[in-house]
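Reader: Could you walk me through one part of this model up close? I'd like to see how a single helix sits in its chain, and then get a quick look at what the partner chain is doing.

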Amino acid sequence: MKTFGLIFKEIMHRKINFLLGLLAVILTVAFFVGSVTVGQASHRETVRLMRNMGMNLRIVPRQTDMTVFWDKRFSDYTMPEDHVKVLAHHKKFTANHLLATLTRKVTVSHNGKEFQVLLTGIAPEYFPPGKEKPSMSFEIERGRVYVGYQLAQDMQLLRGEKLEIGGKQLLVERCLAETGTPEGDDIRIQCNILDAQEILGMPDQINEIKAIDCMCLEVESGESREVTVARLRSELQKALPDIEVFQWQTLAQIRHDQRLMMQRYFATLVLPSVVLVCVLWVGVLTMINVRERRQEIGILRALGYGGGKVASLFLGKALLIGLIGAGLGFLLGTEMALTFGPQVFRETAKGIKPLYDLLMWSLLAAPMCASLASFIPTMIAVAQDPAQTLREE
Amino acid sequence: MVHLSKISKIFQTRRGPVAALDNLDLDIEPGEFVVIRGHSGSGKTTLLLAIGGMQRPSQGELLINGQDIYGLSPQQRSDFRADNIGFVFQMFYLVPYLNLIDNVMLATGTRSNHRDQVEAVELLTRLKLGDRQHHRPADLSAGERQRAAIARALINKPKLILADEPTGNLDPENAAEAFGYLADFQQAGGTVVVVTHGSAADAHADRIIHLDHGCIKSA
């Protein structure tokens, strides 16, 4: 009888023991996969929230009068759109997301009334080659606009209506929900950057780049935030002399620190605890299995089965539990992340996708952990004295 | 076939050392049917397990077919046991989740093939278990289980069968039948060593050995 055949028939005979072990592995792997999958969504969500609160690095033309900038919410000056590419390829500066925009205040006539609105053209996100990520910004098709809440109310605009801006007919694709942000999103009309450049007569120009989730320069230990920002500004201005760099850092840093703290908490406390419980669970079940099979082990030894063959029956079963548990756990964890993740992380819901790398890691780690958990009971089985077992009546 | 010289087995207990086998000398010839009898605690099972390579003696020389089995490595001893020795126990020790064919084939190891399966079926049929070959041990009577255990002991065509109280759980009719199969094995040239309380095996025995406190009292 082949080893696998023996393992399979024993599993079918003691289904409860097998299913309990499998359940432990499935739940652990599902917890791991679900947490990591949702964790990545959480990361993106945090970044998104940071952006929405204006808490990231902002790059504007150098001549910008910041007093006017804060008053108007945009720079009167422009810079080439290609600056985004320069930033994306900068060796000492990385940003997960680079959003280029062109914003101006324009007058829009609708139903016989005139409205002062912020017109913002949004460029598609630019990523360095090989570092593409799920997009965080709207990608608005040409000829279409997203209208801020207050403006849509005042103009009595509905989705599907036409709006003329600067002589160009645009279709209202969406009327956005109320944001209440000080950046004036509720009185903003957002469109494709090419439409904005065409309407404003500023081809290939932008007036702001938002750099999200930046990791800028090699920050030295103990270096103050002010020194880091100054160093950052200097470094970027070497590459692009016509830019000004600033950031709102306090809330961003709190968010960032909170995220890192949760990651550390998860990685150092929660996940090891769950894995430990699983290992103990599988270990105890294997020990119970070994005790139940004392006579079987004894007769196998009497029939000439060596320690290796006896060990392979228990370790083989553990490997099987690990492999099946990893596969099912991955499916369960991913399914839970895909089902419940979007309810929690609404902004980045579309970015929650199965992480197939985790399947590979689960298929490696779960059988290894299950085997480790079964190792001591297996050694007890191998070391069991068959003479003692077989003289028991 | 079996040569024991000055064999002792000392168990360390809380009340001090206990000699299960005490300076025992014994030779069993090939083709012999030997019955070992003695009261509980006389060392019968210890002797049987020692001969079977499963209970290392504290001292003395033990040869099976001229091979010092305790001089072998554990794996070599396992292989030697699989090739040369068949066991039959009072409690049958059939694996509960395997049917009779699989239980019998268990003795052929993890590299068993179709030929082994054919032989297992033939053996079961010869032992009147042909119609029970796909049944599990729990579905069988005690006599049927013991016949299956005998089939398992025979499948590898061993030179020696060691039986420890093989009829302890059987009625007289089944006991006689079980000893009949062991006698058939002996007739075919095999060596049989039976440890038993009863006298059902006496009719087949070439020699009856009485064991008392680990020593042979009469043979």
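Author: Sure, and keep in mind that this is a predicted model. Let's start right at the end of a helix: just after H9 of chain A, A:Gly304 takes a positive phi of about 100°. The helix itself spans residues 294–302 and is mostly covered, with seven of its nine residues buried. Those buried residues are A:Glu296, A:Ile297, A:Gly298, A:Ile299, A:Leu300, A:Arg301 and A:Ala302; note that A:Glu296 and A:Arg301 are on that list along with A:Ile297 and A:Leu300.

Now zoom out a bit. H9 belongs to a chain with 12 helices and 11 strands. Across the 393 residues of chain A, 47% are buried. Looking at chain A contacts with a separation of 6 or more, 78% are between residues 24 or more positions apart. As for the outside, chain A exposes about 19,500 Å², and carbon and sulfur atoms supply 60% of that.

Over in chain B, there's an open sheet of four strands, ordered E2-E1-E4-E5 with antiparallel pairing. Strands E2 (16–28) and E5 (67–68) of chain B are at the edges with a single partner strand each, so one side of each has no neighbour in the sheet. E2(B) runs antiparallel to E1 (residues 2–13) of chain B, and nine bridges join the two. If you want one pair to click on, B:Phe11 has B:Val18 in E2(B) as its bridge partner. Finally, helix H1 (residues 44–51) of chain B lies across E1, E2 and E4 (59–64) of that chain, running at about 60° to E2(B).

Note on methods. Residues are numbered from 1 along each chain as its sequence is written. Chains are lettered from A and ligands numbered from 1 in the order in which they are written. This is a predicted model: local features need pLDDT of at least 70, side-chain atom pairs count only at pLDDT 80 or more; totals for chains, interfaces and linings use all residues. Side-chain values use heavy atoms; hydrogens and water are left out. Buried means under 20% relative accessible area, exposed over 50%, partly exposed in between (1.4 Å probe, protein chains only). Contact means heavy atoms within 4.5 Å. Accessible areas come from the Shrake-Rupley method with a 1.4 Å probe; for residues, only the protein chains shown count as cover. Two strands pair if DSSP finds at least two bridges between them. Axes are lines fitted to C-alpha atoms, for helices over the stretch in contact, and angles run from 0 to 180 degrees between N-to-C directions.
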